[in-house]
Amino acid sequence: MEFEIPKMSAALPEMFVLGMACLILVIDLFLTDKNRIITYLLAQATLVGAAIASLGYQFGSPEIAFNGSFIRDAMGDTLKVFIYLSVFVVFLYSRSYLQARNLFRGEFFVLGLFGVLGMMIMVSAHSLLTLYLGLELLSLSMYALVAMNRDSSYSSEAAMKYFVLGALASGMLLYGMSMLYGVTGSLELSQISAGVATAGAGNMVLVFGLVFTVVGLAFKLGAVPFHMWVPDVYHGSPTAVTVYIGSAPKIAAFAMVMRLLVDGLEGLQEHWQGMLVILAILSLALGNITAIAQTNIKRMLAYSTIAHVGYLLLGVLSGSDSGYASAMFYTIVYALMSLGGFGMIMLLSRTGFEADRLDDFKGLNERSPWFAFMMLILMFSMAGVPVFLGFWAKLSVLSAVVEAEMVWLAAVAVVFSIIGAFYYLRVVKLMYFDKPEDNTPIDSEFDVRVMLSANSLAILVLGLFPGALMSLCVNAFAL
Amino acid sequence: MNFEQLLFYLFAAALLGSALMVITLRNPVHAALSLVLTFFSGAALWLLLEAEFLAITLVLVYVGAVMVLFLFVVMMLDINLAQLREGFVKLLPVGVVVALLVIGMMVYVVGPGNFGLEKFAEPVGHSADYSNTKELGRVLYTVYVYPFEIAAVILLVAIIAAISLALRKRPQGKRQDPDLQIAVRKKDRLRIVANNPKGQPGSNAGDKK
Amino acid sequence: MADNMQNIYLTVALAPLVGAIVAGLFGRFISRSVAHTVTIAGVAVSAALSLYVFKHIVIDGGEPFNGAVYTWMVSDGVRFEVGFLVDSLTAMMMVVVTWVSLMVHIYTIGYMHDDPGYKRFFSYISLFTFSMLMLVMSNNFMQLFFGWEAVGLVSYLLIGFWYKRPTAIFANLKAFLVNRVGDFGFLLGIAAVLMYFNSLDYADVFSAAPMMADMTIQVIPGVEWSLMTVICILLFIGAMGKSAQVPLHVWLPDSMEGPTPISALIHAATMVTAGIFMVARMSPLYELSTTALTVVLVVGSITALFMGILGIIQNDIKRVVAYSTLSQLGYMTVALGASAYAAGVFHLMTHAFFKALLFLAAGSVIIGMHHEQDIRKMGGIKKYMPITYWTMLIGSLALIGFPGFAGFFSKDAIIEAVHLSQTPGAGFAYFAVLVGVFITAFYSFRMFFLVFHGEERMDKHAREHLHETPWVVTGPLIALAVPSVVVGAIFIGPMLFGDFFNGAIFVSPERDVLGKLGENFHGWFAFILHGLATPALYLAMAGVGAAWFLYMKRPDIPEMIKARAGVVYTVLEHKYGFDDFNDKVVAAGSRALGRLLWQVGDVKLIDGFVVNGTAKGVGWLSAVIKHIQTGFLYHYAFAMFVGLFALIALFVF
């Protein structure tokens with residue numbers, strides 16, 4: 001049997017992150033709590049290094065390595081860079097939060113980095129096997145992160161639910177993959193694509209496998225009715241972990257959807273389009289409506305995530321390159337907004353106070369006009385108020401849906417986004433028109449303040465000039 | 001029906017039956033033992049497929065190591081299953097209906113209509129000196145080296161996760177610290193008290209105890 | 001070179017913005033002198049570079065620049081861009097805008113000396129300069145609209161600059177509302193352009209326009225309208241709002257509530273001429289519709305004549321100048337309607353200088369009089385304020401079109417052009433502009449004599465403090481007086497009859513009145529001599545004479561006329577009833593309609609049923625759905641299975 005040494009350099013960022021994660025794990029053993037900051041700095045350096053490795057590597061057309069297990073293309077590289085960026089911001093927000101709660105341990109950063117590795121593997125996966133393994137690597141890291149605060153019964157409960165349901169979803173995904181393998185006889189996505197073409201879109205086993213696969217994907221994205229874990233996990237986790245789960249993994253999940261449904265199963269588009277329509281409408285409806293009844297802002301943002309997933313699916317299901325680009329744009333924008341939203345909760349929290357109730361945002365304008373304004377930007381953007389970045393994201397997925405000649409679906413989405421605007425604007429109302437419940441000065445580190453301001457202002461500025469980010473997403477599918 | 005087919009149906013029946021028992025038996029130890037039987041039946045099926053290495057690994061790793069450990073845990077914990085089943089029973093009728101429907105659909109799709117013997121060519125048999133283990137090893141370290149490495153990382157993460165979650169200092173927990181035990185000095189433990197039997201006035205050191 | 005020029009254009013536009021941001025956002029941290037230094041430096045940079053651009057484009061004959069600087073977004077093949085189109089028309093506007101603005105900046109140091117909003121004021125006028133530059137330098141309709149709205153916004157802010165005065169608030173609200181009417185038409189016009197040309201770029205639209213000339217559309221079913229006429233009239237409605245043409249002129253007199261420097265900058269020299277500039281820029285479109293040109297011509301001549309008449313009875317020194325501005329804007333519009341775009345723009349330029357001069361001089365008088373604006377309480381100021389006197393005289397002579405002064409050339413050219421024009425309505429327009437000349441002279445010198453000559457009618461206290469204003473005030477006056485005299489003679493040849501505007505302004509040959517006029521043009525001096533033989537000059541002289549006779553010699557006659565001509569006087573006093581009509585019919589009607597919609601539509605239907613009803617419904621639904629999330633693991637798993645089952649059942653079978 002012939003065997004070629006794989007082109008290792010294509011996977012340089014993955015190898016770098018893996019090596020650094022192991023190194024940090026060992027170094028952390030020799031650090032006392034006082035010097036733990038070194039772990040943090042090394043983790044951040046790893047992300048920066050990975051970004052350099054990803055950006056520094058030039059390639060022309062998509063490159064497939066490791067016997068078809070691995071692909072490196074423009075979409076993957078763009079998404080990876082945004083994953084590094086998101087996790088970098090997450091680590092930055094988390095440092096003082098964890099320190100204040102006695103959770104500042106090396107494992108947070110090591111598991112975080114392993115999660116990043118899992119996301120990178122998913123983004124670059126070109127076979128069902130690597131896709132699944134990347135997903136498991138990410139999920140396992142996240143289960144452990146959710147349970148990190150052992151003294152909180154909420155965290156343990158959330159971790160348990162997440163673990164059991166995640167295992168169930170993984171099982172379904174695997175079952176679906178085995179069906180696909182059974183029909184096409186390959187694990188590699190391009191050969192599956194060819195196999196689908198041979199078998200024809202009417203093949204019952206393929207559609208059967210597709211349903212299970214879509215269910216697995218829907219669970220990871222948190223689309224209704226596979227969303228039940230989202231509010232409990234977002235609520236139960238320490239906010240530092242919530243912001244991690246709420247940002248970068250969504251980008252990876254989007255990549256997984258693209259790899260599986262578009263790279264592998266584009267031949268079955270007529271079927272998965274219909275499934276995604278159902279999932280999208282349910283997610284939009286349930287996410288937006290249920291968010292209104294929440295009193296906890298973490299839960300509210302969890303339901304808002306579910307709604308955002310609905311919009312993201314709209315872009316994917318339109319089934320054109322511009323639709324995929326709009327979904328990618330939406331994903332990245334969502335990750336940025338989510339970082340800011342949860343970051344704001346962490347900024348307002350302090351030892352013994354989580355600031356995760358809606359009431360904790362009352363009168364923020366009196367306590368800190370600047371951060372009230374930052375939160376206003378975030379909320380307006382999430383609601384999709386024009387000129388903010390979120391508006392362009394919504395507009396682009398909606399226009400993709402209209403192009404796909406599903407105007408009724410766009411209309412439904414608009415109706416639900418109007419309903420959704422209510423709970424975002426309520427936060428603004430609480431901040432500007434209500435009296436604060438406590439007047440404790442906001443106690444937060446300088447770097448968090450700067451980063452959060454940059455995060456929010458980026459949403460404003462990119463909203464004024466959305467061209468660059470949009471063309472980045474369009475170019476990802478142009479090659 | 002030849003002997004091979006007989007064996008297949010025998011082990012397949014055992015596998016399904018024992019798997020059903022895993023989730024229906026009341027006693028957790030019995031359930032765990034049923035799971036052992038499930039693994040054994042599975043291993044036997046794999047042997048029929050000439051996947052000797054996998055079959056033996058399944059027995060060694062799952063039955064030999066994992067399940068034994070599992071049994072230890074089950075026996076150490078006193079789990080009240082009746083309490084856990086309260087909600088379960090309430091949903092049972094609906095659950096059974098949905099499960100039966102899903103199973104029915106699965107059987108229909110995966111059944112002979114799509115995966116019948118006539119649909120697939122019979123795999124080529126191998127001679128007796130063919131080494132299953134060697135072939136597996138060869139592809140595992142060449143073609144599948146990338147997934148293999150990832151699997152290794154997953155295991156590493158599992159170890160880290162398990163240790164970081166299990167190993168922690170509880171404030172109320174009791175533990176030995178050999179360092180402190182060795183470093184102990186006489187004055188830390190022993191106090192010499194002057195005994196004054198006559199009870200002279202001004203000395204009440206004895207009461208200080 | 002092109003890159004180099006692009007950077008220069010960017011700098012011209014952005015330098016005032018930098019000044020505005022520094023003075024506006026960081027005003028708290030900097031002193032007053034830093035605020036004015038920064039803003040003046042920004043505008044000075046723009047002004048100097050504008051001159052360079054003017055030299056490059058006009059004198060050296062450099063290539064006009066047309067290019068995008070930044071692409072904001074591309075949607076459906078339509079590019080939304082920030083881009084510059086710099087040709088001779090733009091270069092001229094840039095010079096006028098930046099230099100008048102620079103003069104006003106300097107003048108403001110003196111005028112606003114004691115005002116608490118000093119830094120805010122500088123920030124606003126720099127912001128205005130930026131907006132106006134964006135407007136004139138634009139190469140597409142989107143940026144034009146941005147500049148259009150931005151100057152409107154700053155104008156609104158500045159009219160209400162003294163926001164504690166109720167009259168100022170009323171005036172700025174009025175300006176805002178009236179401009180909304182105009183902007184609505186303007187926006188519809190742009191929308192029509194976008195709809196039929198599928199582009200916002202000037203060059204694309206202009207090159208495609210001739211093919212659309214015969215296209216008709218049905219706005220009202222069954223009635224065919226020419227597309228070009230609809231677009232042009234809609235755009236002109238925008239211009240009517242911004243350039244204060246009847247009947248959207250009502251905001252301009254009231255805008256005098258703002259500080260005098262902005263009256264000079266915004267409401268005389270630059271912003272109000274944006275409409276004129278826009279129509280000139282759109283000349284390739286207007287040339288395709290005779291109907292639209294007729295509308296322009298008639299509206300312009302009505303404005304020129306009737307607004308001038310109102311100037312006669314005003315007693316507020318700034319209002320007199322304001323009505324004269326209205327009247328002069330009418331002249332420019334008439335020129336546009338007669339297809340003499342170059343003459344309109346030429347008058348725009350000369351007017352910018354002499355009208356800014358008149359306003360600043362009036363401001364100087366107001367400073368001297370300690371913010372007294374009533375000309376009946378002035379008189380004989382000549383000896384106290386000689387520089388103001390002489391500069392004001394120059395401005396007035398330029399305004400009435402005294403031979404040799406800037407206004408003479410531009411106004412005479414307009415009158416002659418209208419005389420030659422064949423566009424329907426030209427006859428009326430010729431009458432209006434000729435009578436307008438007399439009236440202009442009359443009210444200008446009525447004010448001039450009442451302010452500077454005759455008996456001193458101010459009280460004793462005011463007289464004691466009356467003295468010439470400081471150099472920051474008189475300096476700009478002198479600086480503006482020079483061009484008020486000379487720019488006409490210098491530029492009439494190239495601008496009107498030369499090839500100055502070649503490529504920037506398009507006139508169809510059969511309407512080229514200036515071309516016909518140019519056949520008899522033999523230099524500026526000959527033009528003056530020719531002017532001596534036209535009725536315009538004698539009408540102007542008659543106006544001055546009448547003013548002298550009625551207000552210097554026999555001041556009792558005006559009183560008598562006032563008493564006798566009761567009806568006419570009342571009509572004039574009420575400004576032909578435009579304001580009353582707006583207040584009683586438009587505003588009251590809108591309020592009544594608004595109240596009706598509010599009580600029935602909003603409160604009952606929308607609030608009661610749609611908003612609160614749906615909100616209650618959604619809230620109820622939300623509370624119900626919330627209970628799905630029970631928190632029990634097996635419920636969650638069960639939901640997943642049901643979902644799986646439903647999907648299989650739907651898609652596999």
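These legends accompany several close-up views of a predicted model.

**View 1. Chain A meets chain C.**
Here 29 residues of chain A are in contact with 24 residues of chain C. On the chain A side, four helices each supply at least two residues: H6 (153-184), H8 (204-221), H9 (229-236) and H12 (269-292). If you want one helix to follow, pick H12(A), which gives the most to this side, with seven residues. Sorted by class, the side of chain A that touches chain C has 23 nonpolar, four polar and two charged residues.

**View 2. Helix H5 of chain C and its buried residues.**
H5 of chain C runs over residues 141-159. Its 19 residues, at 1.5 Å a residue, should span 27 Å, and the end C-alpha atoms are 26 Å apart, so the expected and computed lengths agree. Many names to look for here belong to buried residues, among them Phe141(C), Leu144(C), Trp148(C), Val151(C), Leu158(C) and Ile159(C). Gly147(C), Gly152(C), Gln143(C) and Ser155(C) are buried in H5(C) too. What do the buried residues of H5(C) pack against? Their partners in chain C are strand S2 (78-86) together with helices H4 (118-137), H6 (166-197), H8 (227-242), H10 (260-269) and H11 (274-281).

**View 3. H5 beside H6 in chain C.**
This view picks out one of those partners, H6(C). The axes of H5(C) and H6(C) come within 9 Å and cross at roughly 175°. Angles over 145 degrees count as roughly antiparallel, which is why H5(C) is described as roughly antiparallel to H6(C). From H5(C), the contact includes Phe141(C), Phe145(C), Trp148(C), Glu149(C) and Tyr156(C). From H6(C), look for residues including Ala168(C), Asn172(C), Phe176(C), Asp183(C), Phe186(C) and Val193(C). By class, this contact of H5(C) with H6(C) divides into 13 nonpolar, four polar and two charged residues.

**View 4. H17 and H18 of chain C.**
Further along chain C, helix H17 (residues 406-420) and helix H18 (residues 426-452) have axes that come within 8 Å and cross at roughly 155°. That angle makes H17(C) roughly antiparallel to H18(C). The crossing of H17(C) past H18(C) is left-handed. On the H17(C) side, Ile414(C), Ile415(C), Val418(C) and His419(C) make the contact, while H18(C) brings Ala426(C), Ala429(C), Tyr430(C), Val433(C) and Leu434(C). The contact has eight nonpolar residues, one polar residue and no charged residues. As a reading aid for the spacing of such names, an α-helix has 3.6 residues a turn, so residues three or four places apart point the same way.

**View 5. Chain B and its contact with chain C.**
Chain B has nine helices and zero strands, giving the pattern α-α-α-α-α-α-α-α-α along the sequence. How much of chain B is buried? Of its 209 residues, 10% are buried. Among contacts in chain B between residues at least 6 apart in sequence, 49% join residues at least 24 apart. Where chains C and B meet, the contact takes nine residues from each chain. The side of chain C that touches chain B has nine nonpolar residues, with no polar and no charged ones.

**View 6. Ala454 of chain A.**
Ala454(A) lies in helix H19 (residues 446-464) of chain A. Is Ala454(A) buried, exposed or partly exposed? Ala454(A) counts as partly exposed because 14 C-beta neighbours lie inside 10 Å. To place this residue within chain A, note that its C-alpha atom is separated by 29 Å from that of Lys220(A), 234 residues away along the chain.

Note on methods. Residues numbered from 1 in each chain as written. Chains lettered and ligands numbered in written order. Predicted model: local features only at pLDDT ≥ 70, side-chain atom pairs only at ≥ 80, totals over all residues. Contact = placed C-beta atoms within 7 Å. Nonpolar A, V, L, I, M, F, W, Y, C, P; charged D, E, K, R; others polar. Buried ≥ 20, exposed ≤ 12 C-beta atoms within 10 Å, placed from the backbone. Expected span 1.5 Å × (residues − 1). Axes fitted to C-alpha atoms, helices over the stretch in contact; angles between N-to-C directions. Parallel < 35°, antiparallel > 145°, perpendicular 65-115°, else oblique. Left-handed = near helix turned anticlockwise from the far one by under 90°.
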